[in-house]
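Trainee: Could we go through this one together? I'd like to hear the reasoning behind each label.

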Amino acid sequence: MKQLLNSKVAFVTGGSRGIGLAIARALAAQGVQVAVTGKSQSHLSEARPKIEAAGPARVETLVADVRNYADVERAINATVSRFGGLDFVINNAGVGIFANVADMTPAAVVRGHRHEPHRRLSTCATRRIPHLRAARRRLHHQHQQPGREERLYDGRGATARRNPG
């Protein structure tokens, strides 16, 4: 698994404490470059050495409130700028509005935060989509190369096969 995740880039919301911190540490141990967000600079400052100690990965800590679109946009842009892309998002700090995320506007996300506190969707959902689609295209391109081994995952383990090209 470490080979597959090595040098990938993860964005973990609410990554300075609790489950988010545990996720960030586990990713770092696998060689994933990790950007974590939190609302408290002091919590992020305490979390950073713990994440760095977990593995060889580079770590970025960013103060951001997932209810604030500008905060999330700034944090995701900083992550992409630092690490050169974004492969996956662990949306630990929010809950969801039940709608197609790709079709949501920032205004709809903000409305969800203000008027439906129990059905919030982190603004990370709307900002991450272009980056995740780019990662999917890169992955698809890699697997289309003739003779390259493909690994398919079904949650229980990997099955390898050759791409006949």
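Trainee: What makes this an open sheet, and which order do its strands take?

Mentor: Keep in mind that this is a predicted model. The sheet has 4 strands in the order β3-β2-β1-β4, and the pairing is parallel. β3 and β4 (88-90) sit at the edges with a single partner strand each, so one side of each has no neighbour in the sheet. Neighbouring strands are turned by 20° against each other on average, ignoring direction.

Trainee: How do you know that β2 and β3 pair?

Mentor: Pairing takes at least two bridges, and strand β2 (residues 33-38) shares 5 bridges with β3 in the parallel sense. As an example of who faces whom, Val 34 stands opposite Val 59 in β3.

Trainee: And what joins β1 to β4?

Mentor: There are 3 bridges between β1 and β4, which run parallel. The cut-off is at least two, so 3 bridges are enough to call β1 and β4 a pair. Phe 11 has Val 89 of β4 as its bridge partner.

Trainee: Which elements make the right-handed β-α-β unit?

Mentor: That unit consists of β2, helix α3 (residues 41-54) and β3. Right-handed means that, with the strands pointing away from you, the path from the first strand over the helix to the second runs clockwise.

Trainee: Why is Thr 37 called buried?

Mentor: Its relative accessibility is 2% and the cut-off is under 20%, so Thr 37 counts as buried. Thr 37 lies in strand β2. In space, its C-alpha is 7.7 Å from that of Ala 75, though the two are 38 residues apart in sequence.

Trainee: How many residues of β3 are buried?

Mentor: In strand β3 (residues 59-63), 4 of the 5 residues are buried, which leaves the strand mostly covered. For the chain of 165 residues, the buried share is 38%.

Trainee: Now α4. How do you know that its length fits a helix?

Mentor: Set the expected span against the model. Helix α4 (residues 69-83) has 15 residues, which at 1.5 Å a residue should span 21 Å, and its end C-alpha atoms are 21 Å apart, so the two agree.

Trainee: Why do you say that its buried residues line one face?

Mentor: The buried residues in α4 are Val 72, Ala 75, Ile 76, Thr 79, Val 80 and Phe 83. Looking down the axis of α4, you find them within an arc of 130°, so they line one face of the helix.

Trainee: What caps the N-terminal end of α4, and what comes just after the helix?

Mentor: The cap is Asn 68, with a side-chain oxygen 2.9 Å from the backbone nitrogen of Ala 70. Just after α4 comes Gly 84, with a positive phi of about 85°. Ser 7 also has a positive phi, about 75°, although Ser 7 is not a glycine. You'll find Ser 7 in the loop between α1 (2-5) and β1 (9-12).

Trainee: How does α2 do on span and burial?

Mentor: α2 has 12 residues and reaches 17 Å from first C-alpha to last, close to the 16 Å expected at 1.5 Å a residue. Gly 20, Leu 21, Ala 24, Leu 27 and Ala 28 are buried in α2. Down the helix axis they fall within an arc of 125°, so they too line one face. On the face of α2 turned away from the buried side are the exposed residues Gly 18 and Ile 19.

Trainee: Is Arg 17 buried or exposed?

Mentor: Arg 17 has a relative accessibility of 53%, and exposed means over 50%, so Arg 17 counts as exposed. Arg 17 is in the loop between β1 and α2 (18-29). The C-alpha atoms of Arg 17 and Gly 38 are 8.4 Å apart, with their positions 21 residues apart along the chain.

Trainee: And Asp 65, why is that called buried?

Mentor: At 19% relative accessibility, Asp 65 falls under 20%, so Asp 65 counts as buried. The residue is in the loop between β3 and α4.

Trainee: What makes its side chain's pairing with Arg 67 a polar contact?

Mentor: The distance between the side chains of Asp 65 and Arg 67 is 2.8 Å, and the limit for such a contact is 3.5 Å.

How values were computed. Residues are numbered from 1 along each chain as its sequence is written. This is a predicted model: local features need pLDDT of at least 70, side-chain atom pairs count only at pLDDT 80 or more; totals for chains, interfaces and linings use all residues. Side-chain values use heavy atoms; hydrogens and water are left out. Helices (H or I, at least four residues) and strands (E, at least two) are DSSP runs, numbered from the N terminus. The expected span of a helix is 1.5 Å times one less than its number of residues. Buried means under 20% relative accessible area, exposed over 50%, partly exposed in between (1.4 Å probe, protein chains only). The arc is that of the directions from the helix axis to the C-beta atoms. A polar contact is a pair of N or O atoms within 3.5 Å; within protein, one must be able to donate a hydrogen and the other to accept it, and residues adjacent in sequence count only if both atoms are side-chain atoms. Axes are lines fitted to C-alpha atoms, for helices over the stretch in contact, and angles run from 0 to 180 degrees between N-to-C directions.
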